[in-house]
Amino acid sequence: MVLGTYKEVVAARSTDKQIQKLAQDGGIVSGLFCYALDEGLIDGAVVAGPSDVMWKPEPMVAMSSDEILAAAGTKYTFSPNVWMLKKAVRQYGLEKLGTVAIPCQSMGIRKMQSYPFGVKNVASKIALMLGIFCMENFPYESLRTFISEKAGVDFDLVEKMDIGKGKFWIETADQTLSIPLKETHGYEQNGCKVCLDYVAELADVSTGSVGTPDGWSTVFVRTDAGETIFKQAVEAGVIETKPMDNVKPGLGLLEKLATDKKTKAMKVIDERKAMGLPVPFKGSAEKEDPLANV
Amino acid sequence: MAEEKAKPRIGYIHLSGCTGDGMSLTENYDILAPLLTDMVDIVYGQTLVDLWEMPEMDIALVEGSVCLQDEHSLHELKEVREKAGLVVAFGSCAATGCFTRYSRGGQQAQPNHESFVPIADLVKVDLAIPGCPPSPEIIAKTVVAVLNGDMDYLQPMMDLAGYTEACGCDLQLKVVNQALCIGCGTCAMACQTRAVSMTNGRPEVNSDRCIKCGVCYVQCPRSWWPAERINKDLGL
């Protein structure tokens with residue numbers, strides 16, 4: 001299954017006007033975390049918060065809606081969120097923790113839950129993991145190259161970045177610029193090249209931009225825990241949904257992109273194995289399903 | 001009267017360790033009483049059982065590394081290997097040497113007690129449970145897996161029995177240098193002495209704080225990846 005295991009997939013967005021304004025897409029992560037906080041389903045969430053440096057996120061423990069919203073929007077560079085989980089449990093004393101995770105982060109968290117070698121009292125406190133789709137990530141200096149050198153924009157003026165329709169988009173207050181994604185190749189994080197997960201297959205609920213129109217998100221409801229919270233949020237009117245069949249470009253595009261990512265990664269994995277380099281995943285020849293995240 | 005199925009006989013052997021691993025076992029408050037009453041027999045172990053002669057055991061949890069200058073420890077370890085079906089390196093001192101990697105003798109009252117090695121340097125080890133200490137949860141999961149004969153769950157721990165030369169620098173050598181790091185921060189979270197931090201999305205190890213327990217690398221999603229188990233645990 002190229003999109004992982006899921007119970008339901010829908011197009012969705014937050015109904016909160018403020019969240020819609022701040023969010024990268026449909027505001028699903030912000031909307032669900034704010035709702036879960038209000039309802040006491042979580043008592044805090046690890047999010048990619050702002051730092052002193054523009055567009056360089058810092059993992060933070062958000063314990064109010066304001067703090068959640070301060071972290072809205074995609075930053076296309078590293079935020080080692082998993083690092084904060086232990087701190088959230090130990091120093092903040094949280095019992096029901098939410099966390100947002102890109103696929104590789106969700107892999108670190110799920111492995112820690114199944115095999116918690118040195119991690120006392122953390123595994124069972126993760127109450128809600130919201131995963132976001134991820135094609136690749138960039139070192140901070142790569143972002144600076146795209147913005148300052150390739151697009152010629154002052155870093156401080158950038159209000160939003162987005163990857164879509166084959167381009168890397170940069171928005172300032174008065175203009176929208178883009179560079180072709182081709183020009184970003186070679187600037188990706190190297191570890192991303194063996195990644196076999198596009199749509200955060202291990203999250204409770206995963207969400208992303210591809211498949212739905214601007215202002216909406218594609219949402220996969222995967223685990224029992226995710227289903228419970230997502231259904232409640234929809235019933236409460238915090239999230240509105242549409243069947244995936246009614247929106248364009250729909251699941252087909254998502255399937256294509258996920259297949260492309262996995263096929264490319266599988267090739268890199270096989271090349272690495274041929275060179276004798278370590279890979280944590282099975283080689284394609286040993287797999288029943290070459291596109292499985294194993 | 002129906003014959004009861006024999007309960008696994010578990011021994012706890014204390015070499016050059018701090019009893020922290022044994023303490024961590026007892027922190028499974030919720031399941032400890034039924035475990036000890038109904039599921040296993042603790043047949044041997046200082047601090048637990050008043051018995052001098054080492055009996056036959058199904059599983060021996062060995063805590064601590066071995067001092068090569070202490071004949072008694074060497075003898076005890078060899079005896080464990082003879083008398084136990086499964087020898088488990090219980091905690092990082094037994095598994096990787098951990099703190100005791102820094103021992104170098106010169107202290108009263110045994111200035112020549114200088115050399116400490118993980119137990120796998122001297123005897124065959126079947127399973128390693130690294131951690132300083134291993135979490136109560138991983139101990140419980142391991143015992144349950146052993147009781148159920150769940151070898152799939154135990155396989156990574158069997159593989160880890162060979163991971164004796166652990167260090168925070170493994171993150172650099174085996175992950176970053178190998179183009180596998182994705183900056184998730186799991187290593188920094190897992191480090192039990194806060195020796196690992198993240199700088200520009202990469203682990204930075206303070207070698208003065210690192211105790212060579214191996215947990216950072218063991219917990220990294222790019223060192224080994226138990227996909228099937230995770231899907232099963234999540235119901236996916």
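Reader: Which residue of chain B forms a salt bridge with A:Lys120, the closest N and O atoms being 2.4 Å apart?

Author: This is a predicted model, in which local features need pLDDT of at least 70 and side-chain atom pairs count only at pLDDT 80 or more, while totals for chains, interfaces and linings use all residues. Residues are numbered from 1 along each chain as its sequence is written, chains are lettered from A and ligands numbered from 1 in the order in which they are written, and side-chain values use heavy atoms, with hydrogens and water left out. A salt bridge here is a side-chain nitrogen of Lys or Arg within 4 Å of a carboxyl oxygen of Asp or Glu. With its closest N and O atoms 2.4 Å apart, the pair consists of A:Lys120 and B:Glu27.

Reader: Where in chain B does B:Glu27 lie?

Author: The partner A:Lys120 lies in the loop between helix 5 (103-114) and strand 5 (126-132) of chain A, so the pair joins two chains; helices (H or I, at least four residues) and strands (E, at least two) are DSSP runs, numbered from the N terminus. On the chain B side, B:Glu27 lies in the loop between helix 1 (20-26) and helix 2 (29-39).

Reader: Are A:Lys120 and B:Glu27 buried, partly exposed or exposed?

Author: Buried means under 20% relative accessible area, exposed over 50%, and partly exposed in between (1.4 Å probe, protein chains only). With a relative accessible area of 30% for A:Lys120 and 26% for B:Glu27, A:Lys120 is partly exposed and B:Glu27 is likewise partly exposed.

Reader: Which residue of chain B pairs with B:Glu79 in a salt bridge?

Author: Both residues of this pair count as buried, B:Glu79 at 16% relative accessibility and its partner at 19%. They are 4 residues apart in helix 3 (residues 71-83) of chain B, and so are separated by about one helical turn. The closest N and O atoms are 2.9 Å apart, and the partner of B:Glu79 is B:Lys83.

Reader: How many residues apart in sequence are the parts that B:Arg81 and B:Asp126 tie together?

Author: The two residues form a salt bridge whose closest N and O atoms are 3.1 Å apart. B:Arg81 lies in helix 3 of chain B and B:Asp126 in the loop between strand 6 (116-117) and strand 7 (127-129), so the parts they tie together are separated in sequence by 45 residues.

Reader: Which residue is linked with B:Arg81 and B:Asp126 in a network of salt bridges?

Author: Within this network, B:Arg81 counts as partly exposed at 22% relative accessibility, whereas B:Asp126 counts as buried at 14%. The residue linked with them is B:Lys124.

Reader: How many salt bridges does a search of the whole structure find?

Author: The pairs described above include one between A:Lys120 and B:Glu27 and one between B:Glu79 and B:Lys83. Over all chains, the number of salt bridges found is 20.

Reader: What percentage of the residues of chain B count as buried?

Author: Chain B has 10 helices and 9 strands, and along its principal axes its C-alpha trace spans about 65 × 55 × 30 Å. Of its 236 residues, the share that counts as buried is 53%.

Reader: What percentage of the residues of chain A count as buried?

Author: Chain A has 8 helices and 11 strands, and its C-alpha trace spans about 50 × 50 × 40 Å along its principal axes. Of the 294 residues of chain A, the share that counts as buried is 55%.
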